[in-house]
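User: I'd like to talk through a structure with you, going from the chain arrangement down to single residues. Here is what I have open.

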Number of protein chains: 4
Amino acid sequence: MVRFMGFLTNLLRAMQSRRGGDMQFLCHRLLSERGEASQTAVAQEIINSYRAMGPAQRPSFFEMLCREFSPDAAGILRASAEYQKNPGTKTLAALSAAVEAPRQELIRRINTAPGGTETLVALRGDLLDVSRNGNAGAFEPLDADLRHLFRSWFNRGFLRLERISWQTSALILEKLIRYESVHEINGWADLRRRLEADRRCFAFFHPALASEPIIFVEVALSSGILGELEPLLDPHAPVSDPSRADTAIFYSINNCLKGLRNVPFGNFLIKQVVAELAAEFPNIKIYSTLSPMPRFAQALADTEDKDGITHERLVRLLEDFAPSLTSATGKRDPAEAFLRLLGRSRERLPSGALRRALVAPLERVALAYLTHARLPAGAGKAGKLYDPVATFHLSNGARIERINAFGNLRPYGIEESFGVTVNYRYVPDDLEENHERFVRGQIEVSRGLHRELEAVSAAWQ
Amino acid sequence: MVRFMGFLTNLLRAMQSRRGGDMQFLCHRLLSERGEASQTAVAQEIINSYRAMGPAQRPSFFEMLCREFSPDAAGILRASAEYQKNPGTKTLAALSAAVEAPRQELIRRINTAPGGTETLVALRGDLLDVSRNGNAGAFEPLDADLRHLFRSWFNRGFLRLERISWQTSALILEKLIRYESVHEINGWADLRRRLEADRRCFAFFHPALASEPIIFVEVALSSGILGELEPLLDPHAPVSDPSRADTAIFYSINNCLKGLRNVPFGNFLIKQVVAELAAEFPNIKIYSTLSPMPRFAQALADTEDKDGITHERLVRLLEDFAPSLTSATGKRDPAEAFLRLLGRSRERLPSGALRRALVAPLERVALAYLTHARLPAGAGKAGKLYDPVATFHLSNGARIERINAFGNLRPYGIEESFGVTVNYRYVPDDLEENHERFVRGQIEVSRGLHRELEAVSAAWQ
Amino acid sequence: MVRFMGFLTNLLRAMQSRRGGDMQFLCHRLLSERGEASQTAVAQEIINSYRAMGPAQRPSFFEMLCREFSPDAAGILRASAEYQKNPGTKTLAALSAAVEAPRQELIRRINTAPGGTETLVALRGDLLDVSRNGNAGAFEPLDADLRHLFRSWFNRGFLRLERISWQTSALILEKLIRYESVHEINGWADLRRRLEADRRCFAFFHPALASEPIIFVEVALSSGILGELEPLLDPHAPVSDPSRADTAIFYSINNCLKGLRNVPFGNFLIKQVVAELAAEFPNIKIYSTLSPMPRFAQALADTEDKDGITHERLVRLLEDFAPSLTSATGKRDPAEAFLRLLGRSRERLPSGALRRALVAPLERVALAYLTHARLPAGAGKAGKLYDPVATFHLSNGARIERINAFGNLRPYGIEESFGVTVNYRYVPDDLEENHERFVRGQIEVSRGLHRELEAVSAAWQ
Amino acid sequence: MVRFMGFLTNLLRAMQSRRGGDMQFLCHRLLSERGEASQTAVAQEIINSYRAMGPAQRPSFFEMLCREFSPDAAGILRASAEYQKNPGTKTLAALSAAVEAPRQELIRRINTAPGGTETLVALRGDLLDVSRNGNAGAFEPLDADLRHLFRSWFNRGFLRLERISWQTSALILEKLIRYESVHEINGWADLRRRLEADRRCFAFFHPALASEPIIFVEVALSSGILGELEPLLDPHAPVSDPSRADTAIFYSINNCLKGLRNVPFGNFLIKQVVAELAAEFPNIKIYSTLSPMPRFAQALADTEDKDGITHERLVRLLEDFAPSLTSATGKRDPAEAFLRLLGRSRERLPSGALRRALVAPLERVALAYLTHARLPAGAGKAGKLYDPVATFHLSNGARIERINAFGNLRPYGIEESFGVTVNYRYVPDDLEENHERFVRGQIEVSRGLHRELEAVSAAWQ
């Protein structure tokens, strides 16, 4: 029996390596086809083979693509030498041709068959999975080529904004349920509430991925800016009259396809949705997000970080609140009191006086985190803001409008953001200038937060 | 008055150069925008400015794009040196980045605004016009970048085949009239006949160019292969029952957008149309073109070419027909008789015995031309077949099925092809093998032409 | 307090009657508008008022429509007299005009406003509800006018067959869940299974009711005829390859809108779906239903009916099975044994030998019921088949193909049909002849049921 | 030979009468089919037979429909007697059933087959043609039944307004060219100009007649009201910027299908188009027609009419203009001068002083004609306005805004309207009241025409 199992295992390995071998043969063949006559057929075979592959077989396939279809070193050296001797249009064109990986043409040809784009996007998703498991460097050239082509193919000019409503195909709606990762959609009744008359949902689609949203945003139409999440997520919340709304709240933005990571469209989406809403609802004057701070808890918990970003500055920030925090908790050190309470809040929420005492320090520390906490050196993004959501919206030209303690009391809200939510406000006329300022290192906040920001900045020095 | 005219001219030049200057500024700005915040707005301005440009201003704009947005020579030299020192993934990535013209990113960003793709395709069309007027080399880098991106954007995977019928929008039909350059469409009644029940028309569309066909093909459904063009082009020809047809004749294929020259889709088109027709008409068994030989007259006329391609071989090919040609014309030298007749045919068509006497030698010489005449050295395409249409279909895997003397008696048919038409037949199961053979230098003809081809080949030695 | 309640009730009644009064005024106004200028506005008001009405207000509105918009008796008498005196085209036209209720024109005019058709269909649904509660006769004239117009408006020529799939709008899919009354759909996962690759669902739509299916049918593609329901309703059943199916099973047909009762389209639907399936699946040769016998249990239970339809004949039918039934149950009277078991089966299913012993007698009694049990005199449908589903399919020209004991073991299946299912088979070429025979009183069964039918018929005498 | 021709003629007659006989048989069969099983097939055969009929065969077919499918006189007499004896719901229902021609059900059943509606509409068109040729009375019962059903089927609630543009299918655009009868469209270039950015065209469609417009209106967007037709019909007129327009001119309304005559939708169309335009162009404040006076010339020419409507009143109306008319023409009697000039204008247009002298009297007489000329007794429409276009717009609630001498100088404009055009203005808020007034006999004119109308009315006494 054991021998039989061994026999089976060997057979399986042989088949798998044969498929690997097939793929090598097929890819070379696809690339060498001079007429386009049979390209589509070979491309189709590659696509089918890839789809039939299990996760275990993929790394060797990726490895093959990296090894076999990279540019020829000798050719590059020759072209480099030529260019150095005689820099000009012709030698540059030759060098340019020499450095382009044949892989790019291979990928373009795979894309000619039906289902090509879909498969290639899935392939990059798989590649990112594999890379996370410690092979990152190894497959970088393949990833670079895919990214390069995807940035071309998924150019904003080729994306189509579409409204998603209860009239949309179930096939697409089902994907919203699957892809919503900010605020989970609990089944069809929940989804339906999010598509009622006082909500809007928009997605970008790409013509080659007909029933696959690329990115989508959920919007609530309200009276004034909302800081609390719960009413928005309650499937039984009454439906309000959208014609009376003066505010649009963007409460969830989701990238759908892992394979398109780092191919950015989110900022285009928000701006185009603002334009759509402005056209449909002349009464809406305020465009704001209701956003999480996904690394707030992580940043705070890291009190021992070597740069001392948070802890000591925290103490300074909390000094003003010392009396109320100590009286509410009985602890003498306000910082300690604060952190304990927050830590405990993961189990059960503070209430009454304790809760009231926490609001102001929580919002102040949150503002400090959003505007001053930066990634440590060494991460490749040194000096960038710690919070990715803040980076996204501020770089788009939005400003920090409001911070809301106890705005998201769902488990993940408390876990990641200590329950705090942020409103980033998009003032259409200010976006460009705010964006420019942000590039120069300046962060815009609403008038109501000016003094608070000063206090925070002073304490942070 | 003269002074005033001079003043106006200067003002105009200043405005034009200012626009040129504006464009330089705008392009740099578009490229330097770090956030995507205001990209679309700047891209839109560039698009509008380009559209407002007259032909006289374009060369300096193209020149600016070539000059200002080429890769930095110093950077390339540095990256080359690094790569030479230490060839590897990282240095290759750096070199690759160094050689890519910033122009490519610029073009990608222009494409993010509405109308971007359309404008960029038009721009390349303009560039090809300008280049034909003696500036070819100068703008090659810009053309290379556009071509590179277009090959990505207009990848087969993004094209959509659509049937064109009398139900199609007039906006699109009007473009068929405009773009048909093989057999001119004389107004709406002519077009309508070409879309009747016994015809089919298919086009490729690209999602970013919604009402712009990229390439289209016109098909007639018939009983058996047709060699004569006239019945197909007669707007008053009776409409036959398509369900009785056993043959599909592809009688016109047109690329629509000059800006997409050398971005090939024609072969994909024919194959997909064959599939569509097969699905709709189970009775259709034969797929064939009815094609011109656009350089036949040119090749024959060139009897004094330095390689002596045609003339002396022609004599040999005509020897068999000597008696009939001399008796029909009264000339003793058959080659002379033949050529005179053909030359004369441009003015008026031979008829009766003369015409009958010409059929066989005309078809034989045409076969020789199609299969043996090759481009002279020096043209960059040395050794390729002389006839571009033959190259296209044979490379696709079609075979030469039939040659038809006096098949196209329209002025342009006589002028270019001495009235001869060719049927290239697509036998789906043979396409791949034929294509491979063609790549190796072998040309497939129908059984009926085997002996004729042997005779021709013998004479050609 | 009590007085205040009384005051409120009076106020409400006044408002209601005022609305009633409004409606009377509005309806007269709509009918008297000579130009069509303001018709739409008045129609819209009537529609809005009707929608705002509660169930309690409707009867008096219906009553008003019956009273005020009936034809004028004096006018009819006059026209009748004229016709009698001088029967001819003119007097007939006058009489015809006199007998048509002005209500019909009123209804046609209500239909000119947006939402008109929808509201009128809902109105008839409400009318049927009210009529069932003992007012049947009173509103018959109104019902007759609605029915008359609906038969015109919902003429087969205006209905559009559409496939329903997972790609269909959630708005419509949701209605399938709501309207499915034969085999309840338990949520979206259940629905999704019924729309997988091995199923088909088709509905008729009317252009004025854009997102409202009128009637729909669910079809399973299978190998051979299925007698058991459970595999079809199991949401986890594996999806089979539809291209291998040779049989289409119509397992659920649902009329969606109560207001369209007695406006028949079901037979058109089945025939058109057969045509659609034949076009898509050339391998499918057998079209069959899997149907309930909704009044089987009721008919059997009624052993004491005054015409003695069932009981004594039952005894005769069971005589052949006496030995096995008595041995399996220990009862001496087989009929008694049989009925006890069936009665008991409502609580728990017989199994093993008992179950095996029941199959044959159950199927025989079912066949007898389907083919011989007829409605008692007095019901207005005297002599018609007892089973409405049998009437529907047999009248369509289908035949009884198979009877399946223990085919539907769901509670409602056991409750209504004693668990028995029937396959009615549609043989396209036989439909017309079968239909004619059925009209003459003859019922077609499959060859396999011929002898059984003879036995049953003999016993029934 | 003559005998052979006679033989052929007889054969043809036999075949035709056989087809007539077939139809009689088929129609009876369609009506007697109890199940709907084979209805569609029989209906299809009737449709095909009707389409194959030549004009010569139709009258006997119509005659058969009138004869064979009228209600049964004996049945009517019986039901009348019953009703007289006992007038009530039941006897009324019976009488109602007795008077309805079986033809109606026959027509409804014909409509169940594909192409049914289209064929029935064509049939009524043919019927109106035949009736005009002196058989009017004979086929009235058939026409009444068709009209009755069409009023139900083509209820406003089932029509769909669609914009027609250059993006519309050529199949539909071609029909615009065919159906435009007010201002002929001379080919595709002319049509195209009428669909440019400064024009709008809308049509009603019915779901059963997918590519057949029912009625359409052509609109020009302009600055201020236009009185002259020529600029609107000039295919080379420059395209103006629609966003600057403040006025919409409805310059052509066409009913497309003769078979729908007297099934009115025109008024619905104008009102809905006004709503569409208001939504698209907030700047448009004025909605006006540019209309002909199609019977003006006929009415004026009829100077000898027995009621003396025009002539003597004309003299009074022209008295004010006597000096200028006599000086311009040299004739002493101004009325004579006027009519001579107008009569002559059919050959060539007056110019200079003559033309200037004609403007005021022409517009005054036109106003008199529009507002006072009424149809003579005996026409069945006694007392109605003489001008059908005026009746249509005034009854819709529009007012006479302006009258324009020499507004339409095309041959048909001069022939029918003596070159005069009228602007009927639709002021949305006034429509209802104007309509009511018109019903009571009052005609609204613009403020600018008030004094003129007084003068005209005084002279008309």
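User: Which residue of chain B comes closest to the rotation axis?

Analyst: Before the answer, please keep in mind that this is a predicted model. The residue is B:Ser169, whose C-alpha comes within 2.0 Å of the rotation axis, which is closest among the residues of chain B. The axis in question is the one that lays chain B on chain D, by a turn of 180° and a shift of 0.0 Å along the axis, with an RMSD of 0.1 Å. That is the relation of a two-fold axis. The same surface serves both copies, since 100% of the contact residues of chain B recur in chain D.

User: How many residues does each of those two chains give to the contact, and where does the largest share on the chain B side come from?

Analyst: Chain B gives eight residues and chain D gives eight residues. On the side of chain B that touches chain D, the largest share is three residues, and it comes from helix H9 (residues 170-179) of chain B. By residue type, that side divides into five nonpolar, three polar and no charged.

User: OK, and what rotation superposes chain B on chain A?

Analyst: A rotation of 179°, with 0.0 Å of shift along its axis, superposes chain B on chain A, and the RMSD is 0.2 Å. Here 100% of the interface residues of chain B are also interface residues in chain A, so these copies meet through the same surface.

User: How many residues does that contact take, and which helices of chain B are involved?

Analyst: The contact takes 47 residues from chain B and 47 residues from chain A. The elements of chain B that give two or more residues to it are helix H4 (73-85), helix H5 (89-99), helix H7 (116-135), helix H8 (140-153), helix H12 (266-280), helix H18 (388-396) and helix H20 (431-439). Of the side of chain B that touches chain A, the largest share comes from H8(B), with seven residues.

User: What is the mix of residue types there?

Analyst: The side of chain B that touches chain A divides into 22 nonpolar, 18 polar and seven charged residues.

User: Switching to the fold: how is chain A divided, and how many helices and strands does it have?

Analyst: Chain A is divided into domain 1 (18-153), domain 2 (157-289) and domain 3 (296-460), and it has 21 helices and seven strands. The C-alpha centres of domain 1 and domain 3 of chain A lie 44 Å apart. Of the 461 residues of chain A, 43% count as buried. Among contacts in chain A between residues at least 6 apart in sequence, 70% join residues at least 24 apart.

User: Which residues of H2(A) are buried?

Analyst: The buried residues in H2(A) are A:Gln39, A:Thr40, A:Val42, A:Ala43, A:Ile46, A:Ile47 and A:Tyr50. Seen down the axis of H2(A), they fall within an arc of 165°, so they line one face of the helix. Helix H2 (residues 39-52) of chain A has 14 residues and reaches 20 Å from its first C-alpha to its last, close to the 20 Å expected at 1.5 Å a residue.

User: And what about helix H3 in chain D, which residues are buried there?

Analyst: In helix H3 (residues 58-68) of chain D, the buried residues are D:Phe61, D:Phe62 and D:Leu65. They cover an arc of only 100° around the axis, which puts them on the same side of H3(D).

User: Then a single residue: is C:Arg194 buried or exposed?

Analyst: C:Arg194 is buried, because 23 other C-beta atoms lie within 10 Å, and a residue counts as buried at 20 or more. C:Arg194 lies in the loop between helix H10 (187-193) and strand E2 (199-205) of chain C. Not counting residues up to four places away in sequence, C:Arg194 touches C:Ile185, C:Arg199, C:Cys201 and C:Glu218. C:Arg194 and C:Asp234 are 40 residues apart in sequence, and their C-alpha atoms are 9.2 Å apart in space.

User: Last topic, backbone angles: what is phi of B:Phe418, and what is phi of D:Asn262?

Analyst: Phi of B:Phe418 is near 50°, and phi of D:Asn262 is near 70°, a positive value in a residue other than glycine in each case. Most residues other than glycine have a negative phi.

User: Where do they sit, and is each of them buried or exposed?

Analyst: B:Phe418 sits in the loop between helix H19 (411-417) and strand E7 (421-425) of chain B, and B:Phe418 is buried, with 25 other C-beta atoms within 10 Å. D:Asn262 sits in the loop between strand E4 (247-255) and helix H12 (266-280) of chain D, and D:Asn262 is exposed, with 10 other C-beta atoms within 10 Å.

Key
Residues numbered from 1 in each chain as written. Chains lettered and ligands numbered in written order. Predicted model: local features only at pLDDT ≥ 70, side-chain atom pairs only at ≥ 80, totals over all residues. Least-squares fit on C-alpha atoms with pLDDT ≥ 70 in both. Contact = placed C-beta atoms within 7 Å. Helix = DSSP H or I, 4+ residues; strand = E, 2+ residues; numbered from the N terminus. Expected span 1.5 Å × (residues − 1). Buried ≥ 20, exposed ≤ 12 C-beta atoms within 10 Å, placed from the backbone. Arc of directions from axis to C-beta. Nonpolar A, V, L, I, M, F, W, Y, C, P; charged D, E, K, R; others polar. Domains from an automatic or database assignment.
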